[in-house]
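Please examine the sequence and the model shown below before reading on.

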Amino acid sequence: MRLDKFLSQQLGISRNLVARELRAGLVTIDGEMVKTGATKITPEQEVAYDGNVLTQILGPRYFMLNKPIGYVCSTDDPVNPTILYFIDEPLAHKLHAAGRLDIDTTGLVLLTDNGQWSHRITAPKHHCEKTYVVTLEQPIATDVAEKFKTGVQLNGEKELTKPATLEVITPTEVKLTISEGKYHQVKRMFAAVGNHVVALHRERIGDITLDDALAPGEYRPLTEEEINSIHLPK
């Protein structure tokens with residue numbers, strides 16, 4: 001990678017400003033001052049700005065987070081705390097959520113800096129399944145599973161929801177698996193059958209299941225198997 005591109009990404013400034021910092025002698029590679037932005041750098045080299053070593057990020061990154069309640073999935077929010085609060089990684093601000101959760105919803109969030117990978121999760125045409133544990137205000141009616149299997153009419157929508165699978169755990173706790181991601185879909189589906197969601201927790205996206213070892217607010221890198229379960233076009 002060119003040095004000026006790397007510095008622009010790391011410092012969050014334009015290449016014109018990078019050139020100024022280079023001319024000022026603030027950048028070193030392996031301890032030697034460098035003033036040319038076109039210089040090529042390798043992962044083995046140590047790049048420092050004003051005496052501070054800059055970490056080179058090699059390749060795309062993938063993490064799972066057990067999101068607690070009260071945090072939003074955007075990377076920048078002027079009002080609410082974001083999930084990046086929990087991510088102790090270099091250039092964490094370059095990560096984004098592959099499928100967001102509402103501020104009052106908990107559970108599995110996938111973070112990456114690979115836009116193509118996250119698109120395979122979020123794009124409606126790929127029908128990536130998500131499973132939620134849903135706590136309801138009222139006991140679930142006996143005909144709801146069949147209604148969800150055939151599709152229900154959401155308020156403000158012209159088409160029925162795609163077939164969804166409902167598994168009853170207790171009269172007021174169920175698992176719901178959907179393959180689309182309409183706005184507030186789970187809450188709206190239960191509203192359409194006369195019930196109200198009081199708590200919502202996502203436990204699965206595609207073949208990736210939330211790690212039971214992760215407490216709320218904890219995260220870990222995805223395994224190679226988990227990463228490759230989201231199939232990218234060849």
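The following paragraphs treat a small sheet and then a pocket.

This is a predicted model, in which local features need pLDDT of at least 70, side-chain atom pairs count only at pLDDT 80 or more, and totals for chains, interfaces and linings use all residues. Residues are numbered from 1 along each chain as its sequence is written, and side-chain values use heavy atoms, with hydrogens and water left out.

Strands are DSSP runs (E, at least two residues), as helices are (H or I, at least four), numbered from the N terminus; two strands pair if DSSP finds at least two bridges between them. Four strands form an open sheet with antiparallel pairing, in the order β2-β1-β3-β4. Because β2 (32-33) and β4 (52-54) stand at the edges with a single partner strand each, one side of each has no neighbour in the sheet. Strand β1 (residues 27-29) runs antiparallel to β2, and two bridges join them. T28 stands opposite M33 in β2.

A pocket is an open set of points on a 1 Å grid over the protein atoms alone, where a 1.4 Å probe fits, with protein on both sides within 12 Å along at least five of seven lines; lining residues have an atom within 4 Å of a point. The largest pocket has a volume (the space filled by probe spheres set on the points) of about 550 Å³. Its lining has 26 residues, and R100, Y132, E180, G181 and K182 are the closest to its centre. The elements that give two or more residues to this lining are α3 (115-122), β8 (130-136), α5 (185-192) and β11 (197-205). With three residues, α5 gives the most to the lining.
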